[in-house]
Amino acid sequence: MSGPDVAAMEDRAVFAMGGGGFAMEPTNALLDDFVLGLVRAKQPRILFLPTASGDTNAEINAFRARFADRICVPEHLSLFRLGDARRPLRETVLAQDIIYVGGGSMRNLLAIWRAHGLDRLLLEAWRRGTVLAGLSAGAMCWFEGGVTCSSGRPGPIEGLGLLEGSLTVHADGEPERLPAWLAGVRAGILPGGWALDDGVGLLFRGRRPERLVSSRPGAAALRVDAIAGELVRHRLEPELLGAAPDGPLGGLDEAVQELRRVRLLRQGITGERG
Amino acid sequence: MEKDSSLLDDYVLSLAGQAHPRVCFLPTASGDADHYVVRFYRRFSPECEASHLSLFRRDQGAGGIENDLEAHLLAQHLIYVGGGSVVSMLGAWRAHGLDAVLRKAWRKGIVLCGPSAGSLCWFREALSEFHGSSTRVRGLGLLPYSNCVHYDAEPARRAEYHRFVGDGMRAGFAAEDGVALHFRGSSLEHVVSSRPGAFAYRVEPAEDGVVETRLDAAFLGPEGAAPDPPALAPGGAPASPAFAPAAFACTRPLAV
């Protein structure tokens, strides 16, 4: 990217997804195409950070499969395997138009980023106008707080604080997460914020929420605040992107099946890949 | 877990001093790579009570240990740390409090071992090459030295380590691929290897740069010079009988 060192506030963007994109919707590219459409570059450079999953091959392959034949320059950055790339991190990160962060353990994600100094580089990239996108842990990390299952049971966790408020994800797909978030907001451990269903993405320009979009009919979001110790909830209806694919493709059932498939893959120890 | 040799694994299992030792694998530095975990079970489950601890799949019941990490680790005879990125590993460990648990395990006498990142982590300082230039990494500090692995893998590695030690990194040990440093307490007790003709080195700052001293390694294979590894530091302070922390740090290409 050859832009200025500091972008105007309205040219800085974060796109936070409650679940969806290539990692969860292999047959529905609406959210990922929306991400590509956020930048002006004719052939955007898009960097995938699979840190939160431990750089699983399944996730990296899904990223490649989604972006390989789209008009962009995709690459991924591993913080576990050196590979052939020995470019300094700063050079890699600041050369991008889009940085796309995958899901997994938010606790590990932030700790590993900090150990490499990547947290500061990502904030610098944002200030320069690189779009920061992500799902699940890769969405919550930009906020003041979120809900992680990094230690087993869901519990509140602090984020990078680039955006005000808190975020919780998979509001429809992982039912145990939402109550932990609501309890955290009610108790004042987490600031008020948004709960996003799978397939829903919230776009921020600067620090202001601008658009709420979805890849699936029926998916929604909640805005929740604690006022005098009581939770005040508003249901938010996202705008549905494009035309939904025929039949159940991209629907919840398939997403759940896909998630189960990925989990089986990750469990790996009974798998055939060793 | 070298692809072509089990000599170092056999050696480290002998240190556990148990017929059927409890061995826990920490694959954190590889991002808990599935194929590495599989390799561990293939190698160790026939002889050991083998388990692994995943810091990435704690919500998914993936067959690893999910609940009381500390109790599980402190019940082991041997903790085997896999290779990969030492910086990522230490970051994740600290976020889960594993650094403190591993110190406790060491004080309790549990044998700690590992190749590559699994060697570097036990030392006060380590030389890491990841994403560009070499960096100085602060390890857990159980061993009050610096460490450099894959010493023979690239010509630049030795020069870099010399430069860092010359510039104020503490004195330490470098190991070629296939060579393991066996410490008891904080003294180096044996140097062993799975390959004939491989060496370790002691590198210390000197008035004019560094002094490098070659340390012979006892080959553990059949044509080996000595069935028992020679004691290197007979005058060194062995750990007290009730308190025998040991770290076995080896180096070899990461088989991930």
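Okay, let's start right at the end of a helix. Helix α4 of chain A is followed by Gly117(A), and the phi of that glycine is positive, near 75 degrees. Keep in mind that everything I say today is about a predicted model.

Now look back at the helix itself. α4(A) covers residues 106–116, and 8 of its 11 residues are buried, so the rest of the structure largely encloses this helix. Which residues of α4(A) are the buried ones? Going along, they are Met106(A), Asn108(A), Leu109(A), Leu110(A), Ala111(A), Ile112(A), Trp113(A) and His116(A).

Part of its surroundings comes from the other chain. α4(A) packs against α4(B) at an angle of about 130 degrees, and the two axes are 8 Å apart. If you're wondering about those two numbers, a pair of packed helices is described by the angle between the axes and the distance between them. What do we call an arrangement like that of α4(A) and α4(B)? They are oblique to each other, because an angle of about 130 degrees falls outside the ranges for roughly parallel, antiparallel or perpendicular. The crossing of α4(A) and α4(B) is right-handed, too.

So who meets whom? On the α4(A) side we have Arg107(A), Asn108(A), Ala111(A), Ile112(A), Ala115(A) and His116(A), and on the α4(B) side Val87(B), Ser88(B), Gly91(B), Ala92(B), Ala95(B) and His96(B). Sort the residues of this contact by type and you get 6 nonpolar, 5 polar and 1 charged. Notice that Asn108(A), Ala111(A), Ile112(A) and His116(A) turn up here, and these four were also among the buried residues of α4(A).

Let's stay with α4(B) and see what else it does. It also packs on helix α5 of chain B, residues 98–108, at an angle of about 90 degrees with the axes 5 Å apart. α4(B) and α5(B) are therefore roughly perpendicular to each other. The contact uses Trp93(B), Arg94(B) and His96(B) from α4(B), and Leu98(B), Asp99(B) and Leu102(B) from α5(B). By type, that contact has 3 nonpolar, 1 polar and 2 charged residues. And His96(B) is listed in this contact as well as in the one with α4(A).

Next, the sheet in chain B. It's an open sheet of 6 strands with mixed pairing, and the order is β6-β5-β7-β8-β11-β12. Which strands stand at the edges? Those are β6 (134–138) and β12 (209–216) of chain B; each has a single partner strand, so one side of each has no neighbour in the sheet. On average, neighbouring strands here are turned by 25 degrees against each other, ignoring direction. And here's our helix again: α4(B), residues 86–96, packs on this sheet, touching β5 (123–129) and β6 of chain B, and its direction makes about 25 degrees with that of β6(B).

Inside the sheet, find β8(B), residues 172–175, and β11(B), residues 199–206: they pair in the antiparallel sense over 4 bridges. If you want a spot to look at, Ala175(B) stands opposite Ala200(B) in β11(B).

A couple of other strands in chain B are worth a click. β9(B), residues 179–184, has 5 of its 6 residues buried, so the rest of the structure largely encloses it. It runs antiparallel to β10(B), residues 187–193, and 6 bridges join them. The bridge partner of Ala180(B) in β10(B) is Val192(B). There are 2 residues between the strands of this hairpin, and Gly185(B) takes a positive phi near 60 degrees.

For a parallel pair, go to β1(B), residues 22–26, which 4 bridges join to β2(B), residues 49–52. There, Cys24(B) has Ser51(B) as its bridge partner. β1(B) is mostly covered, with 4 of its 5 residues buried.

Last stop, back in chain A: Val213(A), in strand β11(A), residues 208–214. Is Val213(A) buried or exposed? Its relative accessibility is 0%, so it counts as buried. Beyond its close sequence neighbours, it contacts several residues, including Phe15(A), Leu31(A), Phe34(A), Pro238(A) and Leu241(A). Its C-alpha atom is 6.5 Å from that of Leu202(A), 11 residues away along the chain.

And zooming out, chain A has 8 helices and 14 strands, and 58% of its 274 residues count as buried. Among its contacts between residues at least 6 apart in sequence, 71% join residues at least 24 apart.

Methods:
Residues numbered from 1 in each chain as written. Chains lettered and ligands numbered in written order. Predicted model: local features only at pLDDT ≥ 70, side-chain atom pairs only at ≥ 80, totals over all residues. Heavy atoms only, no water. Buried < 20%, exposed > 50% of the residue type's maximum accessible area, 1.4 Å probe, protein only. Pairing = 2+ DSSP bridges. Axes fitted to C-alpha atoms, helices over the stretch in contact; angles between N-to-C directions. Contact = heavy atoms within 4.5 Å. Parallel < 35°, antiparallel > 145°, perpendicular 65-115°, else oblique. Left-handed = near helix turned anticlockwise from the far one by under 90°. Nonpolar A, V, L, I, M, F, W, Y, C, P; charged D, E, K, R; others polar. Lists of a residue's contacts leave out its neighbours within four places in sequence.
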